[in-house]
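Reader: I would like a close look at a single part of this model, followed outward into its surroundings. Please take me through it in one connected account.

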Amino acid sequence: MSESNDRADGARADGRKILLQCTPAEIEQLVAAAGGKKFQAKSVRRWVLERGVDDFNKMSDLSKDVAKKLSESCVAVENRVRESRKAPDGTVKLLLELRDGSTIETVWMHGGSDVSGGGTVCISTQVGCAMACKFCASGMNGVVRNLDTYEILEQLSRARQVAPFGRIVVMGIGEPALNLSNVLAALDEVTSPDGLNISARKITISTIGIPEKMKGFLKTEKPYSLAISLHAPNDALRRELIPTAGKVTIRELLMFANHYFKQTGREVTFEYVLLRKVNDRMAQERELAGVLRGARACVNLIPYNPIPGSPYGRPDEETCREFREVLRSCGVVATIRWSKGVEADAACGQLRIARLEAPAAKKI
Ligand code: SF4
């Protein structure tokens, strides 16, 4: 890990600003101080956020002198690509190193035929995760800290270096509901016509389901797609798999889903990681169907991506398809999300954990 370059006041040790941490007015000042025109500030921001350019010298509308002076006062992108892994299906997983040496993951995936702009990007919201889901690499070592708004946005700049994208899923490392203000501030930039101008409908936020925090999603009044992690057909098994779920019940989550639908017109997706012989049995299919029948929600089944040290396995394809068919036959809208980029350590947090200097190989 690299050494932190922070000062006590949170600025860089060399005094340079970080572009995406600056307000538009501050960027105007920086550009003007470098000898540029104020109107070039918008273009500089666009180069970084929309086009993934991390070097002022590569911004063709800046003179060499202005680019040089801007480089002396400002950093275009603060994070560093520590590792990049490409799977045969084209999925690219980036391991990004932040200013304090912490690492996070960002993933670019082919988004399917319905996607304009080429792909989908999965972003992280925290360094590590406190939710400790038993099957997840990201929860293995707990949470270190929340990501700043600019650190969330810089992931998109790095992903754009891979290829264009038209969808964003907030499903990477961390629980977005526990870093709500920074996540929503970053998504405001993403949806803004002055930012990436991506529709809220093309953004999915995935949460473990913390009812009092989830109310924050309703306050935005933006029709983000919401995905809630269910993973079990009953509260007892859910608490076993997600010990931090505490007293939250599936009934409460269903009530929230109905409320979300009434307010936004959008159905919540319940995510269900299929774990072999843990939550994929025939009786559990029927139990889940009974729980979800009549709810304004659909189910996304995710065959588990096994991680080293985990006792959980992935069901075979036939079991996954049968699980889906039983749900459908009971009137529940169900789909399967086959993993992308398995060869790129695609399970959430897997690459980060593998690269931590002393990973705590937690046995469960
Ligand atoms: S599955 Fe999501 S919420 Fe659970 S530990 Fe992993 S990152 Fe955190």
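**A close look at Gln284**

Author: At 12% relative accessibility, Gln284 counts as buried, because the cut-off for that class is under 20% relative accessible area. The model is a predicted one, and what follows should be read with that in mind. Gln284 belongs to helix α9, which covers residues 282-292, and its side chain reaches the backbone nitrogen of Arg281 at a distance of 2.9 Å. If neighbours within four places in sequence are set aside, Gln284 is in contact with Pro233, Leu237, Tyr272, Val278, Asn279 and Phe323.

A useful counterpart is Asn258, which sits in helix α8, residues 250-264. Asn258 has a relative accessible area of 29% and is therefore partly exposed. With neighbours within four places in sequence again left out, the contacts of Asn258 are Ala295 and Arg296. Asn258 and Ala295 are separated by 37 residues in sequence, while their C-alpha atoms are 6.9 Å apart in space.

Turning to the nonpolar interior, the largest core has 86 residues, and Phe56 and Phe270 are those with the most contacts inside it. This core lies between domain 1 (17-75) and domain 2 (80-355), because both of them give residues to it. A second, separate core has 20 residues, including Ala137, Met140, Ile208 and Tyr304. As for Phe56, its contacts beyond the neighbours within four places in sequence are Leu19, Val44, Leu62, Ala67, Leu70, Ser71, Cys74, Val75 and Ala76.

Ile208, one of the residues of the second core, also appears in the surroundings of the ligand, together with Cys129, Met131, Ala132, Cys133, Cys136, Ser138, Gly139 and Gly174. Sorted by class, this shell has 6 nonpolar and 3 polar residues, with no charged residues.

Helix α4, finally, spans residues 149-162 and is mostly covered, with 11 of its 14 residues buried. The buried residues of α4 include charged ones by the classes used here, Glu151, Glu154 and Arg158 among them, alongside others such as Tyr150, Ile152, Leu153 and Leu156. Thr149, Gln155, Ser157 and Ala159 are also among the buried residues of this helix.

Terms used:
Residues numbered from 1 in each chain as written. Predicted model: local features only at pLDDT ≥ 70, side-chain atom pairs only at ≥ 80, totals over all residues. Heavy atoms only, no water. Near = heavy atom within 4 Å. Core = buried A, V, L, I, M, F, W, Y, C linked by side-chain atoms within 4.5 Å. Buried < 20%, exposed > 50% of the residue type's maximum accessible area, 1.4 Å probe, protein only. Domains from an automatic or database assignment. Contact = heavy atoms within 4.5 Å. Helix = DSSP H or I, 4+ residues; strand = E, 2+ residues; numbered from the N terminus. Polar contact = N/O pair within 3.5 Å; in protein donor to acceptor, adjacent residues only side chain to side chain.
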